[in-house]
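Q: Could you take a close look at one acidic side chain in this model, and then set it beside the charged pairs found elsewhere in the chain?

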Amino acid sequence: MPDEQELDVRYAPDADGQPDPGEIVWAWVAYEDDPTRGKDRPVLVVGCDGPRLLGLMLTSKDHDRDASEEARQGRYWIDVGAGDWDSERRPSEVRVDRLLRLDPNKVRREGAALQRSRFDDVITEMRRHQP
């Protein structure tokens with residue numbers, strides 16, 4: 001991962017139809033164990049790295065029950081609650097140890113802006129768990 005000073009991590013949602021830091025959007029995310037496969041999922045945009053967006057993937061799966069196993073595998077999650085990014089408004093978690101770099105032209109639909117306090121909590125945990 002580049003030096004954190006090179007990364008532009010910030011909260012700047014703007015409901016303009018463009019993906020901005022602090023917003024949850026949808027993008028194709030490759031599986032770690034097979035980068036040729038993946039799935040469409042919500043992603044929290046946390047900043048930029050040059051022309052690429054920096055993002056953290058979300059899931060509606062509750063990892064509180066298997067947190068110790070996830071941590072043994074090097075995966076860390078933080079609860080962010082429910083929002084308009086999920087049509088069923090299920091509670092979501094953000095994975096903070098896997099920073100994604102996304103082509104902004106391949107990001108689809110703006111889901112919702114995350115509350116600033118939750119965004120700040122996610123960034124704090126992301127910085128703790130990034131390699």
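A: In this predicted model, Glu93 touches Met57, Leu58, Thr59, Lys61, Asp62, His63, Asp64, Trp77, Ile78, Asp79 and Val80, leaving aside residues up to four places away in sequence. The residue itself belongs to strand 6, which covers residues 92-95. Glu93 is buried, yet no salt bridge is found for it, and the nearest side chain of opposite charge, that of Arg65, is 7.7 Å away. Because a salt bridge requires a side-chain nitrogen of Lys or Arg within 4 Å of a carboxyl oxygen, the 7.7 Å to Arg65 does not qualify. A polar atom of the Glu93 side chain does, however, lie 3.0 Å from the backbone nitrogen of His63, and His63 is also among the residues that Glu93 touches.

The salt bridges elsewhere give a background for this residue. Searching the whole structure yields 12 of them, and one joins the side chains of Asp49 and Arg101, with 2.8 Å from N to O. That pair links distant parts of the chain, since Asp49 sits in strand 3 (residues 38-49) and Arg101 in strand 7 (residues 100-102), 52 residues apart. Asp49 has a relative accessible area of 17% and is therefore buried, whereas Arg101, at 35%, counts as partly exposed.

Another salt bridge is formed within a helix: the side chains of Glu69 and Arg72 meet at 2.8 Å, N to O, and both residues belong to helix 1 (residues 67-72), where they are 3 residues apart, or about one turn of the helix. Here Glu69 counts as partly exposed, with a relative accessibility of 33%, while Arg72 counts as exposed at 61%.

A further pair brings together the side chains of Arg90 and Asp86, at 2.7 Å from N to O. Asp86 is buried, its relative accessibility being 8%, and Arg90 is partly exposed at 35%. Beyond such pairs, Glu32, Arg95 and Asp97 are joined into one network by salt bridges that share partners.

Set side by side, the acidic residues of these examples can be read as follows: Asp49 is buried and is bridged to Arg101, Asp86 is likewise buried and is bridged to Arg90, whereas Glu93 is buried without a salt bridge. What the model does place by the Glu93 side chain is the backbone nitrogen of His63, 3.0 Å from one of its polar atoms.

Methods
Residues are numbered from 1 along each chain as its sequence is written. This is a predicted model: local features need pLDDT of at least 70, side-chain atom pairs count only at pLDDT 80 or more; totals for chains, interfaces and linings use all residues. Side-chain values use heavy atoms; hydrogens and water are left out. Helices (H or I, at least four residues) and strands (E, at least two) are DSSP runs, numbered from the N terminus. Buried means under 20% relative accessible area, exposed over 50%, partly exposed in between (1.4 Å probe, protein chains only). Lys and Arg count as positive and Asp and Glu as negative; His and the chain ends are not counted. A polar contact is a pair of N or O atoms within 3.5 Å; within protein, one must be able to donate a hydrogen and the other to accept it, and residues adjacent in sequence count only if both atoms are side-chain atoms. Contact means heavy atoms within 4.5 Å.
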